[in-house]
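Dear colleague,

Please find below the structure that I agreed to pass on to you. My notes on it follow directly after.

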Amino acid sequence: MVDYQSPKNVMAESTDSSDTTPTKKILVIEDEADIQVLLGYNLRVAGFSVIQASDGEEGLLLAVEHQPDLILLDWMLPLLSGIDILRQIRNHAELRNISVIMLTAKGEEPDRLRGLNGGADDYITKPFSPKELLARVHALLRRASGGHNNILSCFGLDLDIEQKRVMRDGQVIHLGPTEFRLLEHFLRNKGRVYSRSQLLDSVWGRDVFVELRTVDVHIRRLRKAININNKPDLIRTVRSMGYSLEPPTE
Ligand code: CA
């Protein structure tokens, strides 16, 4: 069973609708009726206009018709799977720039990585809190409406390249310059595993002499900084291979 909060609890925390004027449209493609109801409720309370579809074909038709600002796309759907729909969105002239957040169930990890390559802007794992979902939605919409790509956002992280600022779920994180560059590299290549020497080349530069274990030191600092308040770890250590930035595994 999905542990969503009851509507009366949600009401109190959904006050952040400051950047939703003019009303942003969100298309939810999800076949489970109770999740549709809860998503629709929470998004409307937050000031969004919500369009809902229960399968991929209907979703794609509604996307073309309504040109939503963002699509919440469930992974497991009847007929067309979430990844098929995502592919069609990215190959469709009128839809390809729409932000997409994929909804996945626990344990769909290999799928999640395939989805990142398939062009999802972010992921959220069920069960999720409405608060977390809304934070992701707002972050993506802010980035999209900024007009330039100064902010890299994923898994609740927002990295502002110009202002050198990093946030996790809206909370400011302080990073040293090397940790900042490491995180920027991971956010640009999320889901990909990098060896320590690849990280040295990409983040420190090829001409710099640094020992491999220096990478581990900075990874440790980065991990400690972004896993603020015991939030789930986003940096995965792949034994004898290296590191990658991935959605939390719970
Ligand atoms: Ca489903």
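Helix H3, formed by residues 56–66, lies across strands E1, E2 and E3, and its direction makes about 170 degrees with that of E1. Please bear in mind throughout that this is a predicted model.

The strands just named belong to an open sheet of 5 strands, arranged in the order E2-E1-E3-E4-E5 and paired in parallel. The edges are taken by strand E2 (49–53) and strand E5 (122–126); each has a single partner strand, so one side of each has no neighbour in the sheet. Ignoring direction, neighbouring strands of this sheet are turned by 20 degrees against each other on average. Helix H2 (residues 33–45) also packs on the sheet, where it touches E1 (25–29), E2 and E3, and it runs at about 165 degrees to E2.

Within the sheet, strand E3 (residues 70–74) pairs with strand E4 (residues 99–105) in the parallel sense, over 5 bridges. Leu-70 has Ser-99 of E4 as its bridge partner. Strand E4 is largely enclosed by the rest of the structure, because 5 of its 7 residues are buried.

Turning to the interior, the largest nonpolar core comprises 53 residues, and those with the most contacts inside it are Ile-29, Ile-71, Leu-72, Leu-73 and Leu-183. The element that gives the most to this core is helix H6 (residues 130–146), with 5 residues. Both domain 1 (7–144) and domain 2 (151–245) supply at least three residues to this core. Leu-73 may serve as an example of the packing: apart from its neighbours within four places in sequence, Leu-73 is in contact with Ile-29, Gly-82, Ile-85, Leu-86, Val-100, Met-102 and Leu-103.

For the chain as a whole, the counts are 9 helices and 11 strands. Buried residues make up 32% of the 250 residues of the protein chain. Among contacts with a separation of 6 or more, 59% are between residues 24 or more positions apart.

One helix pair deserves a separate note. Helix H7 (residues 177–188) and helix H8 (residues 196–204) have axes that come within 10 Å and cross at roughly 110 degrees. An angle of 65 to 115 degrees counts as roughly perpendicular, and H7 is therefore roughly perpendicular to H8. On the H7 side, the contact is made by Arg-181, Leu-182 and His-185; on the H8 side, Leu-199, Ser-202 and Val-203 take part.

Some points of backbone geometry should also be recorded. Lys-126 and Pro-127 are joined by a cis peptide bond, with omega at about 0 degrees. Pro-127 is situated in the loop between E5 and H6. Asn-230, a residue other than glycine, has a positive phi, near 55 degrees. Asn-230 sits in the loop between helix H9 (212–226) and strand E10 (235–238). Is Asn-230 buried or exposed? Asn-230 counts as exposed, because its C-beta neighbours inside 10 Å number 6, and a residue with 12 or fewer is classed in this way.

A positive phi, again near 55 degrees, is found at Ser-240, which is likewise a residue other than glycine. Ser-240 is placed in the loop between E10 and strand E11 (242–245). Ser-240 has 6 C-beta neighbours inside 10 Å and therefore counts as exposed.

The two strands on either side of Ser-240 form a hairpin, E10 and E11, with 3 residues between them. E10 and E11 run antiparallel and are joined by 4 bridges, and Arg-236 stands opposite Ser-244 in E11. In a regular strand, side chains alternate between the two faces of the sheet. Strand E11 shows such alternation: Tyr-243 and Leu-245 point to one face and are buried, whereas Gly-242 and Ser-244 point to the other face and are not buried.

With kind regards

How values were computed:
Residues numbered from 1 in each chain as written. Predicted model: local features only at pLDDT ≥ 70, side-chain atom pairs only at ≥ 80, totals over all residues. Core = buried A, V, L, I, M, F, W, Y, C linked by C-beta atoms within 7 Å. Buried ≥ 20, exposed ≤ 12 C-beta atoms within 10 Å, placed from the backbone. Domains from an automatic or database assignment. Contact = placed C-beta atoms within 7 Å. Pairing = 2+ DSSP bridges. Axes fitted to C-alpha atoms, helices over the stretch in contact; angles between N-to-C directions. Parallel < 35°, antiparallel > 145°, perpendicular 65-115°, else oblique.
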